[in-house]
Amino acid sequence: MKVLLYFENENWIRRSGIGRAMKHQIAALQSQGIDYTLSFQDDFDIAHINTIGPKSKAIAKWAHAHGKKVIMHAHSTKEDFQHSFRFSNALAPLFYQRICQMYRLGDHLITPSEYAKGLLMSYGLKQPIHVVSNGIDTEQFCHDETKAQLFRKTYHLSKGDQVVISVGFLFERKGIFDFVETAKAMPNVHFIWFGSGTGMLTPRKIRQLVHHPLPNVTFPGYVEGDLLKGALCGSNAFYFPSHEETEGIVVLEALASGQQVFVRDIGVYHPWLVHGVHCYKGSNQKEMMQLLQSFLDDRLPHLGQAGRRCAKERDIVEIGKRLRSVYEQVLQE
């Protein structure tokens, strides 16, 4: 079989979770020797479409018309569209209509978590829905002391400095205000949020937050490569107070790096992330802050090894095997 992996507007999505998912899908298929193409002009048996733009819709319809199977990858939901950029809440009903229209074009659907599958089913979608994690390259994301030192040197952090990081777009949904409130309560701890999003579509209150940060808060913008990997393993904790996710690739990256992870106790992490085993979960900002403070005060154990084992269950090779199984099932129909 040959699979078309289709991502519309690759340059626009490069820094997003869908952009990371593209790299992971390519690596997953390569790990299994599955023949694939990124060009719809090539011949293929299955169109695995990851985006919802007009070209994606046209390719899905063309594939159906020519007797080819279509898998729609449901990366987005109405819930994770809200509370992101300006006007996102007002546009959410239109976005909901669009994703439902697009997802109905698939013979099968893939989505990255059981939580997301539940949301899709609540939308009335009737196709088979497969849960396949976006995956993580656990060879690339692991503890690396050289990269950790690069991170600390870049941000002028001494060995004794405590530093807490987060990664993601500068969205309210990601918990950026909770992150800053936590920093305000811990003035002796350095807080760094890696991620872009200060353009015209960014709400003014977030732009003000970023342009006038607290003394112990830094917003370096988007980073990648060794510097990001060093931050994930060279900081003291990964603090991710997001209110809504379909999986959270950055959480997988932090777990794979052996970092101590703190997340909000939301549905997407059930049942695969267990509080007190792989990470620490707080039901609200106050609980998350208390857990973080206890950890930084050495009153809670480091769970990084168990977290990495959890990430390895979603290694790229395992995702490749899962995708092969889905493709074979779709073709057999």
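The following questions and answers concern a predicted model, with a six-stranded sheet and helix α14 as topics.

Biologist: Which strands are the edge strands of the open sheet of six strands?

Modeller: The sheet is open, and its pairing is parallel. Its strand order is β9-β8-β7-β10-β11-β12. An edge strand pairs on one side only, and this holds for β9 (217-221) and β12 (280-282).

Biologist: Which residue in β11 does F240 stand opposite?

Modeller: Strand β10 covers residues 237-240 and strand β11 covers residues 261-264. The two pair in the parallel sense over three bridges. Opposite F240 stands V263.

Biologist: At what angle to β10 does helix α11 run?

Modeller: Helix α11 spans residues 249-256 and lies across β7 (163-167), β10 and β11. Its direction relative to β10 is about 165°.

Biologist: Within what arc do the buried residues of α14 fall, seen down its axis?

Modeller: Buried here means under 20% relative accessible area. In α14 this applies to I316, I319, G320, L323, V326, Y327 and V330. An α-helix has 3.6 residues a turn, so residues three or four places apart point the same way. The buried residues of α14 line one face of the helix, because they fall within an arc of 130°.

Biologist: Which residue caps the N-terminal end of α14?

Modeller: Helix α14 runs over residues 316-332 and reaches 24 Å from its first C-alpha to its last, close to the 24 Å expected. At its N-terminal end, a side-chain oxygen lies 3.1 Å from the backbone nitrogen of V317. The residue that supplies this oxygen is D315.

Key. Residues are numbered from 1 along each chain as its sequence is written. This is a predicted model: local features need pLDDT of at least 70, side-chain atom pairs count only at pLDDT 80 or more; totals for chains, interfaces and linings use all residues. Side-chain values use heavy atoms; hydrogens and water are left out. Two strands pair if DSSP finds at least two bridges between them. Helices (H or I, at least four residues) and strands (E, at least two) are DSSP runs, numbered from the N terminus. Contact means heavy atoms within 4.5 Å. Axes are lines fitted to C-alpha atoms, for helices over the stretch in contact, and angles run from 0 to 180 degrees between N-to-C directions. The expected span of a helix is 1.5 Å times one less than its number of residues. Buried means under 20% relative accessible area, exposed over 50%, partly exposed in between (1.4 Å probe, protein chains only). The arc is that of the directions from the helix axis to the C-beta atoms. A polar contact is a pair of N or O atoms within 3.5 Å; within protein, one must be able to donate a hydrogen and the other to accept it, and residues adjacent in sequence count only if both atoms are side-chain atoms.
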